[in-house]
Amino acid sequence: GYAAVAERFADRIDADGLDAAGAEFVWGPSSGLDPAGAKLVRQGFLEHQAHAMAHVLRGVIAVQPDVAALAPSLAAVAVPTLVVVGARDRMSLASSRALAAAIPGARLVEIPDAGHLVNLAQPAAFNAAVRELLATLA
């Protein structure tokens, strides 16, 4: 899961730098991003110091509890909840489904032809899902 990927990503940052690591783990060909989205994500990542990104990956991302561990707390969520995930997001698809199942009344939307950065890969579909949720709140 994310813990193993976060550790590998951090190790790659340490070994080869943030740009090379990011191209492999975040904005490269397997990301599903179009060129404009990849450029935007790369720019955002490269605004940070490499050692800080590696530290966040190891100290925050790698130690995040999984959805199963959070399930008892998630069962108490009592607000409208939308879980949006890219259908090609191999790292988040299963956990997003579990998250939506653990939150009472949560709505899961899987966006086709999108990876992890679904709002950048398929902005119109992402925005439509958010608008639909907001319309139910009006």
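**Salt bridges and packing of helix 1 and helix 4**

Arg58 and Asp11 form a salt bridge in this predicted model, with their closest N and O atoms 2.7 Å apart.

User: What makes the pair Arg58 and Asp11 a salt bridge?

Analyst: Happy to walk through it. A salt bridge needs a side-chain nitrogen of Lys or Arg within 4 Å of a carboxyl oxygen of Asp or Glu. The closest N and O atoms of Arg58 and Asp11 are 2.7 Å apart, so the pair meets the 4 Å cut-off. Arg58 lies in helix 4 and Asp11 in helix 1, so the bridge ties together parts that are 47 residues apart in sequence.

User: Which salt bridge do Glu7 and Arg58 make, and why does it count?

Analyst: The side chains of Glu7 and Arg58 come to 3.8 Å, N to O. That is within 4 Å, so the pair counts as a salt bridge. Glu7 belongs to helix 1 and Arg58 to helix 4, so this contact joins parts 51 residues apart in sequence. Glu7, Asp11, Asp14 and Arg58 are in fact linked in a network of salt bridges.

User: Why are Glu7, Arg58 and Asp11 called partly exposed?

Analyst: Partly exposed is the range between buried, under 20% relative accessible area, and exposed, over 50%. Glu7 has 33%, Arg58 has 27% and Asp11 has 42%. Each value falls in that range, so each residue is called partly exposed.

User: How do you know that helix 1 is roughly antiparallel to helix 4?

Analyst: The axes of helix 1 (residues 2-16) and helix 4 (residues 50-59) cross at roughly 160 degrees and come within 8 Å. Angles over 145 degrees count as roughly antiparallel, which makes the two helices roughly antiparallel. Their crossing is left-handed.

User: Which residues meet where helix 1 and helix 4 touch, and what kinds are they?

Analyst: From helix 1, Ala6, Glu7, Phe9, Ala10, Asp11, Ile13 and Asp14 meet Ala50, Met53, Ala54, Leu57 and Arg58 of helix 4. These contact residues divide into eight nonpolar, no polar and four charged.

User: What makes Arg12 and Glu24 a salt bridge?

Analyst: Their side chains meet at 1.9 Å, N to O, which is within the 4 Å limit, so the pair qualifies. Arg12 is in helix 1 and Glu24 in helix 2 (residues 18-25), so the bridge ties together parts twelve residues apart in sequence. Arg12, at 24% relative accessible area, is partly exposed, and so is Glu24, at 43%.

User: How many salt bridges does a search of the whole structure find?

Analyst: The search finds eight salt bridges.

Note on methods
Residues numbered from 1 in each chain as written. Predicted model: local features only at pLDDT ≥ 70, side-chain atom pairs only at ≥ 80, totals over all residues. Heavy atoms only, no water. Axes fitted to C-alpha atoms, helices over the stretch in contact; angles between N-to-C directions. Helix = DSSP H or I, 4+ residues; strand = E, 2+ residues; numbered from the N terminus. Parallel < 35°, antiparallel > 145°, perpendicular 65-115°, else oblique. Left-handed = near helix turned anticlockwise from the far one by under 90°. Contact = heavy atoms within 4.5 Å. Nonpolar A, V, L, I, M, F, W, Y, C, P; charged D, E, K, R; others polar. Buried < 20%, exposed > 50% of the residue type's maximum accessible area, 1.4 Å probe, protein only.
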